[in-house]
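Work through the following exercises with the sequence and the coordinates open side by side. Each task is followed by a solution that proceeds step by step.

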Amino acid sequence: MSSASSLSWFVRHEVRLAWREWIAMLTGGRRRRKRAAMIGLVAFAAIMHLPAYAVIGRFAGLEMPLDKTSLIVLTATIALAWALMLSQAIESVTRVFYARADLDLIMSSPARLTNIFSVRIAAIALSVTSMALLFSTPFVDVLVISGGARWLAAFGVVIAIGLSAAAIAIAVTLILFRMIGPSRTRLVAQILAAVVGAGFVIALQVAAILSYCTLSRFAVLTSDAAAGFAPDTTSLLWWPARAVLGDGEALLLLLAISLVMLGAVMAIFSPRFADTAIGVSGSHAAARASRHGSPFRKGSRQQALRRKEFLLLKRDPWLMSQSLMQLLYLVPPALLLWRSFSDSSAAVMLVTPVMVMAAGQLAGGLAWLTISGEDAADLVATAPLPPVSVTRAKIEVVLIAIATIFAPLVAVLAFASPMQAAISAIGVIVATVSATAIQLWFRVQAKRSQFRRRQTSSRIATFAEAFSSIGWAATSALALAAPLAAGISGVLSALIVAATWKISPRRD
Amino acid sequence: MTSGGAALEVRGLTKRFDRLAVDALDLAVRGGEFYALLGPNGAGKTTTLRMVAGLLRPDAGSVSILGIDALADPVAAKQMMAWVSDEPMIYDKLTPLEYLEFVAGLWGIDAASAEASAHELLASLGLAPHLHERCEGFSKGMRQKVALAGALVHEPRLIILDEPLTGLDALSARHVKGLLQARVHAGCTVIMTTHILEVAERMADRIGVIAAGRLVAEGTLDELRQRNGRNDTLEDMFIALVDEAAAA
C-alpha cells in the first residue's frame, strides 16, 4: 500500500470513529435510537432558530463601517466562541490521549507514525470545527435570512476559529505533558478546559460588577471606557469582526492564519505525538502513591461507605474541574454580594437563583457518581447490609458535599439579608434533593469513567434534572420579589419532579 | 469453624433469561470442602454462583448458606461469604490498603484486627511493595490479587470464586492456590469455577460438572472415573460428559 493510500485509509478510519462517537453520544450507544436521535437533532436545530432570532436577529442589519462599540461587542462575541471551542478542543485532545483504546494497535503497526498522528490532529480539528458549525448554523441562518448572503462569511470565521482553537489546544496539552507529566496533565487539562470555557464570560462579569455594580457583560463592552481604550477602527484586532460582516480580504487572512497555525502544530508536534502517547501508557506503570499511614478506622458500615465515596470524589479529576467551574460561576454573584453590602443594591437578589441552580446541577453530577458510578458494584451488592443502607449512605455523601460548598455562601449572605439567606438555603436544599432523587429513580449501573456520557443513558433524567434546577432557581428568585408568583413557580417545579417520578423506571 | 455440615445447599434453582440458563439445579457443598464447578461456556456456572452470592434473583428454588436461607435473610448470609469474579471489582483511585479498609468496614470487622490481617494478606500475595500505590496502575493479575485479598480480609466461611486464576502468572497463581488451600484446611469452604482442569484435578475435594443449566456429574475424581468406567484424565471425562449432556 502506498503512503498516500494508507493515509487516506486512516483519514476514513478517523472520520468513521468520530462519526460513531458522536452518534453514540446522541443515542446513548443504542443503535435503535439512531433514527429518533437524528429526527430529534433536526427538530432541535429547527427550534434553535427561534432563540437565535431573539438573540441575534436585531444585528442582521449591521454593515461596515462599524463604530467602535459595535466592533467591541462583535469581537468579544467571537472571542467568547473561540474560548468555548478551545475548551472543547482541550477536552477532545485529552480524550484522544487517555481514552482511545487503539493507540497500542496504531503504534505497533508498521505505518509512519508522523503521518498517522498528523491525520489524528487534523481529525481533532475537524471534529471541533464541525461541532462549532453545527451550533452556529441557526445563528448564521438567522443573519443570512434577515441580513443577506454576505453573512455566509460567518461560516468561514467559525471554521477559522475552530481550526485555530484546535491547534492551540493540541500545543497547550502537549507542552503541559512535557512540563508536568501525563498524570497531572489530565487533571490540569480538564480544569483548564472548564476555566477557559467559563473564564471569558466570568471575567467580563467581574469587570462589570467592579465598574458598574451589575452582572451585565454588555455594561463593560458598551462603555465609553472600553471604547476609549480600544485601538483605532483600522486595527488588525477588528479583522475577525470585519470577516464576519463579509470582508473577503479579512476572511481569507483569518483562514490562512488558522491553517498555518494548524500546519505548524502538525509539523512540530506530530513526530512527538507517539512519545506522548507512550508516556501516557507508561504513566500507569509509574503508579501514584497516596499518603502513608493507616487508613483503617473504627466506624459503622455506612461510615465505611461514606469514607470510600468521599475519598473517590476527592480523587476524581472530572469532579475537581466541574466543581471549580460551578464555583467560578459563583464568583460574580459573590462579588456582587460583597459590593452590595454598603448600598443594598437590588442586584444582590441575583445571588440566590445562581446558587440554587449551581447546587442542583452539582448535586445531579455527584449523585450520578455516587449512586450509579459504582466501580465495584458486585462487591457492594454482596456486602452484608441492606441495599437501602447503601443508597442512604451514598445520598448522605451528596448532601454533605453540597452543604460543605454552599453553607459558607449562605452564611455570608445571612449578614447582608437573613431572609434572602433563608430562602437561598431552602432553595439549595430543595434543588439538591430533587436532582438527587431524579438520579436515584433513573439509576443505572455504570463505571465512574463513563460520566461524560451520563446524559445519554437517560435523556428524560437529564432534562428533568435541568428543568427542576431551573424551576427551583426561578422559585427562589421569585420568593424574594413576588411571593405569589413563587408559589406558582414552586408548584410547577414540584410537578416536574413528580412527573419525572411517575415515568421513572425505579419508583421505589 | 465447623466442617462436615452443608455450607451451601441449593434446591431447584432456576433462572431464565432469553433461554433457560439454570434448570432446577440441586447442589450441596459440605463445610470445609474445596468444590470445583466445571462446565462449558454458557453452561450456567456463573449464573448459579451469582444467584448464590445474592447478585441475581432466582426465578425459583432455594439457597441455604451455612443453614441460613439466603433469599429470606440475605444480610446474614452475606456476612459469612465472599465473592470474587473473574473481573476484579476494585477502585482505581484507592490503594490496596484503602480498598481492604473499605471491605473490612462493609463487613463490620474490627479495624485493628482487619489492619493486621490486611497487611498479612497483601504480603502473602506479593503486594507489600504496592500497599500505598493507587490500583489504577496495576496489571490485571495485581488487581485480581487485591480483589482476592478483599474477599479474605473479613474471614468468610464460604468463598465463591468465578475463574479467579484468569490473568495470573504462574507464581501468582501458586500464591492464590496456596492461600485458598490454607483456608480450606482452616475449615473454610471454597467453591470455584475454572476452565483450568488441572487446577480442579489437583485442588478440589469434589468436582461438579454442569451443562445446559443442570448438574450432569458430581463426585471426587476417582468417583467420576469409576462412573466413566475408564482411567481417563479429567479433561477426557469432562469432554465426554459434556458431549453426553449435549446429545441427551
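**Exercise 1.** How many of the eight residues of helix α1 (residues 45-52) of chain B are buried?

*Solution.* The model is a predicted one, and the count is made on its atoms. A residue is taken as buried if 20 or more other C-beta atoms lie within 10 Å of its own. Applied along α1(B), this criterion finds eight of its eight residues buried, and the helix is mostly covered. The list reads K45(B), T46(B), T47(B), T48(B), L49(B), R50(B), M51(B) and V52(B). Continuing just past the end of α1(B), one arrives at G54(B), whose phi is positive, at about 85°.

**Exercise 2.** Determine which residues lie on each side of strand β6 (residues 81-84) of chain B, and identify a strand with which β6(B) pairs.

*Solution.* Begin with the two faces: M81(B) and W83(B) are on one side, A82(B) and V84(B) are on the other, and all of these residues are buried, so that both faces are covered. Next, turn to the pairing, where β6(B) runs parallel to strand β7 (residues 158-162) of chain B, the two being joined over four bridges. Within this pair, the residue of β7(B) that stands opposite M81(B) is L158(B).

**Exercise 3.** Explain why T432(A) is classed as buried, and find its contacts that are remote in sequence.

*Solution.* First locate the residue, which belongs to helix α16 (residues 418-441) of chain A. T432(A) is buried because 27 other C-beta atoms lie within 10 Å, against a cut-off of 20 or more. Then set aside the neighbours within four places in sequence, after which A359(A), G360(A), A363(A), L399(A) and I402(A) are found in contact with T432(A). As a further check on distance, the C-alpha atoms of T432(A) and V398(A) are 8.4 Å apart, although 34 residues separate them along the chain. For the setting, chain A has 19 helices and zero strands, and 40% of its 508 residues are buried.

**Exercise 4.** Describe the side of chain B that touches chain A, by element and by residue class.

*Solution.* Start from the contact count, in which 33 residues of chain B meet 31 residues of chain A. On the chain B side, at least two residues each are supplied by α2 (74-79), α3 (96-106) and α4 (111-124) of chain B, and the largest share, seven residues, comes from α3(B). Sorted by class, the residues on this side of chain B comprise 15 nonpolar, nine polar and nine charged.

Notes. Residues are numbered from 1 along each chain as its sequence is written. Chains are lettered from A and ligands numbered from 1 in the order in which they are written. This is a predicted model: local features need pLDDT of at least 70, side-chain atom pairs count only at pLDDT 80 or more; totals for chains, interfaces and linings use all residues. Two residues are in contact if their C-beta atoms, placed from the backbone, lie within 7 Å. Ala, Val, Leu, Ile, Met, Phe, Trp, Tyr, Cys and Pro count as nonpolar, Asp, Glu, Lys and Arg as charged, and the others, Gly among them, as polar. A residue is buried if 20 or more other C-beta atoms lie within 10 Å of its own, exposed if 12 or fewer, and partly exposed in between; C-beta atoms are placed from the backbone. Two strands pair if DSSP finds at least two bridges between them.
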